[in-house]
Amino acid sequence: MTVFHILRHGEHSLQGKIVAGRMPGIGLSSRGRAEAEAAAGRLADAGIAAIYASPLQRAQETAAIVAERLGLGVQTRDALVELDFGEWTGSTFADVRRHAAWPAWANHRSIATIPGGESMREVQRRIVETMVELRGAHPEGAVVLVSHGDVIRAGLAFALGMPIEYLTRIEIATGALSTVRIDDSGIRVINLNDRKG
């Protein structure tokens with residue numbers, strides 16, 4: 001049995017202002033660091049064997065805070081990186097909603113692709129393939145994956161057997177932990193959007 005504690009990075013300085021996407025140089029705010037420290041506290045007694053993180057700064061900083069508390073290193077996985085927002089990267093959310101491609105993205109996410117960016121099917125494939133691979137590496141362990149909201153939602157939608165169109169119904173707050181277990185009988189969501197502690 002492999003247990004995945006999937007952690008969304010802490011709040012960053014541009015949270016809610018623009019579509020940060022894969023922009024470099026966006027680190028945690030003071031609140032984001034506090035969120036990461038709280039998550040580290042919740043994971044302290046979870047028997048974590050390894051920590052894997054997106055290469056983006058906000059995820060790396062979150063993972064480093066958790067790693068320091070747990071006495072582990074951080075392994076970077078490109079497959080955990082944020083959704084590629086393509087032409088929308090750096091735009092305000094209001095501007096994105098005025099874009100000609102927005103209605104298709106908002107309503108038909110399983111078949112839509114962001115202009116110059118990525119589809120949710122591609123995102124879901126890479127997060128699920130990563131979990132399957134790490135299940136092989138940690139067949140009887142617990143690991144932390146530090147990633148981003150849409151990536152986490154895509155993985156959870158797969159685990160729950162939900163259509164991709166419904167993934168926006170899953171709330172994943174900054175600093176929140178969701179837990180998924182994979183064993184010989186299949187995949188189960190154990191915990192969702194936990195910010196206690």
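**Exercise 1. Which side chains meet in a salt bridge at 3.0 Å, N to O, and are they buried or exposed?**

Before the solution, a word on the model. It is predicted, so local features need pLDDT of at least 70 and side-chain atom pairs count only at pLDDT 80 or more, while totals for chains, interfaces and linings use all residues. Residues are numbered from 1 along each chain as its sequence is written, and side-chain values use heavy atoms, with hydrogens and water left out.

*Solution.*
- Step 1: Start with the term. A salt bridge is a side-chain nitrogen of Lys or Arg within 4 Å of a carboxyl oxygen of Asp or Glu.
- Step 2: Find the pair. Glu-118 and Arg-126 meet through their side chains, at 3.0 Å from N to O.
- Step 3: Check the surroundings. Buried means under 20% relative accessible area, exposed over 50%, and partly exposed in between (1.4 Å probe, protein chains only).
- Step 4: Apply the cut-off. Glu-118 has a relative accessible area of 9%, so Glu-118 is buried. Arg-126 is buried too, because its relative accessibility is 13%.

**Exercise 2. Find out where Glu-82 and Arg-58 sit in the chain, and how many salt bridges the structure holds**.

*Solution.*
- Step 1: Count first. There are 14 salt bridges in the structure.
- Step 2: Look at one of them. The side chains of Arg-58 and Glu-82 form a salt bridge of 3.8 Å, N to O.
- Step 3: Place the partners. Glu-82 is in the loop between strand E3 (74–76) and helix H3 (93–98), while Arg-58 is in helix H2 (residues 57–70). With their positions 24 residues apart, the pair links distant parts of the chain. Helices (H or I, at least four residues) and strands (E, at least two) are DSSP runs, numbered from the N terminus.
- Step 4: Both Arg-58 and Glu-82 are buried.

**Exercise 3. Explain why Arg-153 and Asp-150 are separated by about one helical turn, then find these two residues in the largest pocket**.

*Solution.*
- Step 1: The closest N and O atoms of Arg-153 and Asp-150 are 3.3 Å apart, in a salt bridge.
- Step 2: Both residues belong to helix H6 (residues 149–160), and they are separated by about one helical turn because they are 3 residues apart.
- Step 3: Arg-153 and Asp-150 are both buried.
- Step 4: Now the pocket. On a 1 Å grid over the protein atoms alone, a pocket is an open set of points with protein on both sides within 12 Å along at least five of seven lines, whereas a cavity is a set of points where a 1.4 Å probe fits but cannot get out; lining residues have an atom within 4 Å of a point.
- Step 5: The largest pocket has 28 lining residues, and Arg-8, Phe-85, Phe-93, Asp-150 and Arg-153 lie nearest its centre. H3, H4 and H6 each give at least two residues to this lining.
- Step 6: The space in the largest pocket is about 710 Å³. Grid points are joined across faces, edges and corners, and a volume is the space filled by probe spheres set on the points.
- Step 7: Sort the pocket lining by class: 13 nonpolar, 7 polar and 8 charged residues. Ala, Val, Leu, Ile, Met, Phe, Trp, Tyr, Cys and Pro count as nonpolar, Asp, Glu, Lys and Arg as charged, and the others, Gly among them, as polar.

**Exercise 4. Which residues line the largest cavity?**

*Solution.*
- Step 1: The count is 1 cavity of 30 Å³ or more.
- Step 2: The largest cavity has about 30 Å³ of space.
- Step 3: Its lining is made by Ala-106, Arg-109, Ile-164, Glu-165 and Thr-168.
- Step 4: By class, this cavity lining has 2 nonpolar, 1 polar and 2 charged residues.

**Exercise 5. Describe the surroundings of Ser-178**.

*Solution.*
- Step 1: Ser-178 belongs to strand E5 (residues 177–183).
- Step 2: The relative accessible area of Ser-178 is 1%, so this residue is buried.
- Step 3: Contact means heavy atoms within 4.5 Å. Leaving aside neighbours within four places in sequence, Ser-178 is in contact with residues including Phe-4, Leu-156 and Asn-193.
- Step 4: A polar atom of the Ser-178 side chain lies 3.0 Å from the backbone nitrogen of Asn-193.

**Exercise 6. Is Lys-196 buried or exposed?**

*Solution.*
- Step 1: Lys-196 is in the segment after strand E6 (186–194).
- Step 2: Lys-196 is exposed, because its relative accessible area is 59%.
- Step 3: Lys-196 and Arg-42 are 154 residues apart in sequence, yet 8.0 Å apart in space, C-alpha to C-alpha.

Conventions: Polar contact = N/O pair within 3.5 Å; in protein donor to acceptor, adjacent residues only side chain to side chain.
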